[in-house]
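I opened this model to take notes on its charged pairs, its core and a few single residues. The entries below follow the order in which I looked things up.

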Amino acid sequence: MTATTIGILLVVIAALLEGLGQVFLKKSTLAKARWRFWIVAGMAVLAIEALIYTEALKLLDVSVAFTILSLNLITITVLSALLLREHVTRKRWIGVGLIFVGVALVMART
């Protein structure tokens with residue numbers, strides 16, 4: 001594996017973790033009994049995400065890493081629909097698809 005491939009993999013992992021952390025923070029506003037747990041869990045996941053993203057920045061240009069990190073928007077949309085039962089409109093799913101295509105184009109050129 002090249003350094004670029006490892007960097008891309010780290011950013012994808014960071015994007016997934018950031019989406020998960022954001023959903024945990026949202027869950028803290030919905031859970032009356034265990035809201036502290038969800039805040040701590042969200043902050044812990046986001047801290048780990050920041051460390052992984054920082055490592056990825058050692059291997060990739062910021063412009064590439066930041067573009068790939070927008071996968072977190074896809075993660076948030078999918079996890080919100082699955083875990084929080086939020087309704088996602090067709091227009092948002094089209095937006096998710098466009099984000100995915102844009103990220104794929106950037107990754108293909110890297």
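I began with the charged side chains and found that Lys26 forms a salt bridge with Glu86, the closest N and O atoms being 3.8 Å apart; a salt bridge here is a side-chain nitrogen of Lys or Arg within 4 Å of a carboxyl oxygen of Asp or Glu. The pair links distant parts of the chain, since Lys26 sits in helix H1 and Glu86 in the loop between H4 and H5, 60 residues apart. Helices, I noted, are DSSP runs of H or I with at least four residues, strands are runs of E with at least two, and both are numbered from the N terminus. Lys26 counts as partly exposed at 36% relative accessibility, and Glu86 is partly exposed as well, with a relative accessible area of 33%. For these classes, buried means under 20% relative accessible area, exposed over 50%, and partly exposed in between, with a 1.4 Å probe and protein chains only.

Before going on I wrote down that this is a predicted model, in which local features need pLDDT of at least 70 and side-chain atom pairs count only at pLDDT 80 or more, while totals for chains, interfaces and linings use all residues. Residues are numbered from 1 along each chain as its sequence is written, and side-chain values use heavy atoms, with hydrogens and water left out.

The count by the salt-bridge rule comes to two. Glu55 forms a salt bridge with Lys58, where the closest N and O atoms are 3.0 Å apart; Glu55 is partly exposed at 39% relative accessibility, whereas Lys58 is exposed at 60%.

I then asked which side chain of opposite charge is nearest to Glu49. It is Lys58, 15 Å away, and Glu49 is buried yet has no salt bridge; Lys and Arg count as positive and Asp and Glu as negative, with His and the chain ends not counted. Glu49 has its place in helix H2 and touches Ala14, Leu17, Glu18 and Leu69, leaving out residues up to four places away in sequence, where contact means heavy atoms within 4.5 Å.

Next I turned to the fold as a whole. The secondary structure comes to five helices and zero strands, and along the sequence the protein follows the pattern α-α-α-α-α. The C-alpha atoms fill a box of roughly 45 × 35 × 20 Å, taken along the principal axes. Buried residues make up 34% of the 110 residues, and among contacts between residues at least 6 apart in sequence, 73% join residues at least 24 apart.

For the interior, I looked up the largest nonpolar core, which has 16 residues, those with the most contacts inside it being Val11, Tyr53, Ile68, Leu69 and Leu71. Such a core is a set of buried Ala, Val, Leu, Ile, Met, Phe, Trp, Tyr and Cys residues joined through side-chain atoms within 4.5 Å. Helices H1 (3–30), H2 (35–57), H3 (62–69), H4 (71–83) and H5 (90–109) each supply at least two residues of this core. Apart from it lies another core of five residues, among them Ala31, Trp38, Ala41 and Val45.

I followed Leu71 further and found that, not counting residues up to four places away in sequence, Leu71 touches Val12, Ala15, Phe100 and Val103. Val103 lies in helix H5 and counts as buried at 3% relative accessibility. Val103 and Leu71 are 32 residues apart in sequence and 7.4 Å apart in space, C-alpha to C-alpha. With the same sequence neighbours left out, Val103 touches Thr67, Ile68, Ser70 and Leu71.

I also checked Thr77 in helix H4: is this residue buried or exposed? Thr77 is buried, with a relative accessible area of 18%, and beyond its neighbours within four places in sequence Thr77 is in contact with Val88, Trp93 and Val96.

My last entry concerns Arg85, in the loop between H4 and H5, whose phi is near 60 degrees, a positive value in a residue other than glycine. Most residues other than glycine have a negative phi. Arg85 is exposed, with a relative accessible area of 70%.
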